[in-house]
Amino acid sequence: DAVLSVPDASLVALCKDLISGLSSTVQRASVEVAITAVSVFGCVCQNEKARQLMLRHSDTEPIFEAIPRLVAEIDCDSANACGVTPSVAYLTQYPSAQRRVLASGRSGKLLSGLSRLMRSGDAKTASDAAEAIGNLTYGEGGRYQVLADQGLEGVVEGLCAVLEGPEDLAGTAAWATGNLCRDDKWCLQMLDRPKWVRDVVV
């Protein structure tokens, strides 16, 4: 916040420079450096004024295009996973970010990556991935996309894995599962599966 506490005109210029640099980085750099760029983007977006500017800016498209790819490629037990999942969980709170990471051709990679990350040996990484699923499924549009994805079974298994983890972090998976269950048809189907009922409901 101290860095971004500048007059509005200067903040616009600063955000444009940041977007330009971060977008270029995620396109050309190694996976490790690209993940750092996404993490920086997530941190900057925690400043309200900067977030409003950056999420509206079309030049952030390379960043949102890179997020599903990076999430799908990283080792779920690596330091990279710990670096990127908090930013993904934070950014997916916002509908404009959700639409862009779930855009055509991206949702499958994103959900596949988040499914793996929910099985991470690091409980916080797993919980952050479950939180991202919860954010994506909170609204009807995102929920429909997740339920229609071929990787849905992996998402469900990942959420169950988080539910078995530390109680203080399992709440994100319970919330995400509850969002999925807002689709009555899907929920009724799942209630016919004894293992899911045992793992989730019981």
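# Reading a predicted helical model

Colleague: Which residues form a nonpolar patch on the surface?

Modeller: The patch is formed by L188, L191 and V201, which together have about 290 Å² of accessible area. Patches are made of residues with over 30% relative accessible area and no salt bridge; like charges are joined within 9 Å, and nonpolar side chains (Val, Leu, Ile, Met, Phe, Trp, Tyr) within 5 Å. The areas come from the Shrake-Rupley method with a 1.4 Å probe, and for residues only the protein chains shown count as cover. As to the source, this is a predicted model, in which local features need pLDDT of at least 70 and side-chain atom pairs count only at pLDDT 80 or more, while totals for chains, interfaces and linings use all residues. Residues are numbered from 1 along each chain as its sequence is written, and side-chain values use heavy atoms, with hydrogens and water left out.

Colleague: Where does L188 lie, and is this residue buried or exposed?

Modeller: The general scale is as follows: a residue is buried under 20% relative accessible area, exposed over 50%, and partly exposed in between (1.4 Å probe, protein chains only). Here L188 belongs to helix 12, residues 184-190, and is exposed at a relative accessible area of 57%. Helices (H or I, at least four residues) and strands (E, at least two) are DSSP runs numbered from the N terminus.

Colleague: What is the general expectation for nonpolar side chains, and how many residues has the largest nonpolar core?

Modeller: In soluble globular proteins, nonpolar side chains tend to be buried together. A nonpolar core is a set of buried Ala, Val, Leu, Ile, Met, Phe, Trp, Tyr and Cys residues joined through side-chain atoms within 4.5 Å. The largest one in this model has 59 residues, and F41, I67, L114, L159 and W186 have the most contacts inside it. A contact requires heavy atoms within 4.5 Å. Neighbours within four places in sequence aside, L159 touches M118, A130, I133, A173, A176, T177 and L180.

Colleague: How should the span of helix 11 be read?

Modeller: The expected span of a helix is 1.5 Å times one less than its number of residues. Helix 11 (residues 167-180) has 14 residues and should span 20 Å; its end C-alpha atoms are 20 Å apart, in agreement. Its buried residues are A170, T172, A173, A176, T177, N179 and L180. Their cover includes helix 8 (123-138), helix 9 (140-148), helix 10 (152-163), helix 12 and helix 13 (194-201).

Colleague: How many residues of helix 8 are buried, and what do they pack against?

Modeller: Helix 8 is mostly covered, with twelve of its 16 residues buried; among them are A130, I133 and L136. These buried residues pack against helix 5 (79-91), helix 6, helix 7, helix 9, helix 10 and helix 11. From first C-alpha to last, helix 8 reaches 22 Å, close to the 22 Å expected.

Colleague: How many salt bridges does the structure hold?

Modeller: Side chains of opposite charge can pair when their charged atoms come close. The criterion is a side-chain nitrogen of Lys or Arg within 4 Å of a carboxyl oxygen of Asp or Glu. The structure holds six such salt bridges. In one of them, R106 meets E61 at 2.5 Å, N to O. R106 lies in the loop between helix 6 (95-101) and helix 7 (107-117) and E61 in helix 4 (residues 61-73), so this pair ties together parts 45 residues apart in sequence. R106 is buried at 12% relative accessible area, whereas E61 is partly exposed at 28%. E61, R100 and R106 are linked in a network of salt bridges.

Colleague: Which residue forms a salt bridge with E153?

Modeller: R193 does, with the closest N and O atoms 2.6 Å apart. This pair links distant parts of the chain, 40 residues apart: R193 is in the loop between helix 12 and helix 13, and E153 is in helix 10. R193 counts as partly exposed at 34% relative accessibility, as does E153 at 37%.

Colleague: How should the salt bridge between K195 and D199 be read?

Modeller: An α-helix has 3.6 residues a turn, so residues three or four places apart point the same way. K195 and D199 both lie in helix 13, four residues apart, about one turn of the helix. Their side chains meet at 2.7 Å, N to O. K195 is exposed at 52% relative accessibility, and D199 is partly exposed at 22%.
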